[in-house]
Amino acid sequence: MKPFDYTRADDLQTAQRALHEGGTVIAGGTNLIDLMKLEVMTPGAVVDISRLDLNDIRDHDGGLYIGAMVTNSDLAADLRVRRDYPVLSRALLAGASGQLRNKATTGGNLLQRTRCPYFYDRDTSCNKRTPGSGCAAIGGELRNHAILGTSDDCVALHPSDMAVALRVLDAQVEIESLDGTRHLRPLDDFYRLPGTTPHIETSLEPGDIITAVVLPKPTGGQQSYRKIRDRASYAFALVSIASVINARDGKIENIALAFGGIGARPWRDTRVEDMMRGQTVDDQLIQKAGDLLLSDARLLEGLEFKADLVHRLLSSTLTEAVQ
Amino acid sequence: MNTNLTVNGRPHALDLDTRVTLLDALRDQLKLTGSKKGCDHGQCGACTVLVNGQRINACLSLAVMHDGDEITTVEGLSSDGRSPLQAAFVRHDGMQCGYCTPGQLCSATAVLDEIARGWPSHVSADLEGPVELTREELAERMSGNICRCSCYPGISKAILSVAEDGTVHREAAE
């Protein structure tokens with residue numbers, strides 16, 4: 001690990017100033033420390049925000065206000081989340097291990113880096129790690145990679161389960177800017193697609209800090225999180241679906257679907273939802289939904305299996321929802 | 001950097017390089033070598049310790065971030081190495097080489113506490129109902145601890161036996 005200066009922030013402003021000066025914040029550290037050990041990330045200054053007073057979950061406009069330092073364990077176990085947003089509890093519990101969930105925070109989970117093995121391997125080229133160096137993943141071994149939202153410069157996958165559930169719930173990220181103002185930003189505006197600048201992953205400006213995630217009023221409906229992975233536990237998603245579905249007599253009244261394991265960011269395609277609304281669930285509709293979702297997919301060699309998994313997961317999710 | 005840690009009830013004042021992980025501070029500075037370094041990347045769980053009562057991977061945490069924290073390592077689970085879980089691991093052959101055992105023990109100690117608090121898991125059928133510690137629940141909850149000797153049957157039996165009757169007789173270890 002490269003040497004670095006460590007400071008503990010006593011207030012947000014200290015952290016923001018350090019960020020503005022090029023520092024890196026650390027909260028749970030479960031991803032950052034790993035990357036620092038491998039020298040994939042080599043921050044000169046690390047600012048510890050883990051003790052900032054951002055760790056409560058409170059009722060907010062009929063929804064929930066989740067402080068950025070709430071741990072994944074505490075969020076998954078929160079009784080309001082378990083009752084009103086079960087898809088979020090399920091997604092959190094489907095991710096990582098008990099030890100990691102105790103350290104990982106809500107804000108840190110959003111900002112975790114891709115697990116693309118080429119990003120981790122400093123002996124290979126990676127535009128995310130070293131801008132302009134090329135992408136060894138394209139033409140390399142592909143499995144935990146994206147098929148939607150990718151570019152010729154990057155096929156990295158956003159690995160979070162939590163963020164997929166947040167996307168389906170229309171959660172917003174609360175950001176405080178250096179001047180002290182706070183605003184809410186939807187996840188699709190928060191995450192940038194790679195394009196020609198895959199090293200820029202979010203729309204955060206220097207000095208911006210995530211203070212919370214805000215969930216809107218619960219909408220009811222049947223919620224589920226389904227995740228396919230290479231082993232039964234403690235593995236990243238090959239494909240996952242977060243769903244909130246209202247159905248009656250086999251017909252979909254309302255539906256929201258977000259996908260993990262396929263997108264450069266937590267993936268949602270409202271065209272698919274619009275197409276299914278008011279329709280009766282049958283094999284034809286499921287096929288059509290999958291085809292529409294994947295109409296822009298780039299199935300590089302080694303990733304073709306994800307198309308099959310998407311169709312199958314859609315099938316089980318929709319079939320169960322109308323039963 | 002000056003850092004105060006309370007480890008197994010004893011206070012320690014350390015002067016640490018910022019890069020030192022909690023695991024290295026415990027092993028190299030405090031000579032508490034029970035906590036093991038396996039993968040050093042949070043994947044194997046051999047370094048699991050309790051921080052303020054919660055299990056974490058000590059290899060993925062900077063020691064300087066734990067100023068003022070209370071840490072329990074395997075050495076602190078009991079004064080004589082025979083906590084109910086430790087005795088049950090001996091009784092049910094919950095180890096072969098033993099390298100992962102300190103992490104398994106710390107993790108299992110926390111799992112029993114998490115169950116008592118009603119935390120659901122990925123395999124819990126009902127998010128809001130009471131949690132019953134089945135074999136399937138245990139496998140899911142212990143998935144952050146790997147045993148390369150594959151002593152999972154013994155590890156499971158040991159933890160389940162403690163969960164079932166609350167205590168294991170001390171004689172069992174002999």
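A:Arg51 and B:Asp69 form a salt bridge, with 4.0 Å between their closest N and O atoms; the term covers a side-chain nitrogen of Lys or Arg within 4 Å of a carboxyl oxygen of Asp or Glu. A:Arg51 sits in the loop between strand S3 (45-48) and strand S4 (57-60) of chain A, and B:Asp69 in the loop between S4 and strand S5 (70-72) of chain B, so this pair joins two chains. Helices (H or I, at least four residues) and strands (E, at least two) are DSSP runs, numbered from the N terminus. Side chains of opposite charge can pair when their charged atoms come close.

A word on the model before we go on. The model is predicted, so local features need pLDDT of at least 70 and side-chain atom pairs count only at pLDDT 80 or more, while totals for chains, interfaces and linings use all residues. Residues are numbered from 1 along each chain as its sequence is written, chains are lettered from A and ligands numbered from 1 in the order in which they are written, and side-chain values use heavy atoms, with hydrogens and water left out.

Over all chains, the salt bridge rule gives 33 pairs, and three salt bridges cross the interface of chain B and chain A. Another salt bridge links the side chains of B:Asp67 and A:Arg8, at 4.0 Å from N to O.

Now for the interface as a whole. Chain B brings 39 residues to the contact and chain A brings 38 residues, where contact means heavy atoms within 4.5 Å. About 3300 Å² is buried between the two chains, and carbon and sulfur atoms give 53% of it; buried area is the accessible area (1.4 Å probe) that two parts lose on being put together, summed over both. On the side of chain B, the residues that lose the most area to chain A are B:Leu60, B:Met65 and B:Leu127, together 22% of what that side buries.

Polar contacts add to the picture: 22 residue pairs (both at pLDDT 80 or more) make them between chain B and chain A. Such a contact is a pair of N or O atoms within 3.5 Å; within protein, one must be able to donate a hydrogen and the other to accept it, and residues adjacent in sequence count only if both atoms are side-chain atoms. Strand S4 (54-57) and helix H3 (101-116) of chain B are the elements that give two or more residues to the side touching chain A, and S4(B) gives the most, with four residues.

Let's turn to the empty space. The whole structure holds five cavities of 30 Å³ or more. On a 1 Å grid over the protein atoms alone, a cavity is a set of points where a 1.4 Å probe fits but cannot get out, a pocket is an open set with protein on both sides within 12 Å along at least five of seven lines, and lining residues have an atom within 4 Å of a point. Grid points are joined across faces, edges and corners, and a volume is the space filled by probe spheres set on the points.

The largest cavity has a volume of about 130 Å³. Its lining takes 13 residues, and those nearest its centre are A:Leu93, A:Arg101, B:Glu114, B:Trp119 and B:Pro120. The second largest cavity holds about 80 Å³; among its 15 lining residues, A:Cys116, A:Cys126, A:Cys135, A:Cys154 and A:Ala156 lie nearest the centre.

Finally, the second largest pocket offers about 520 Å³. Of its 21 lining residues, A:Ser50, A:Thr71, A:Asn102, A:Lys103 and B:Asn52 lie nearest its centre. H6 of chain A and S4 of chain B each supply at least two residues of this lining.
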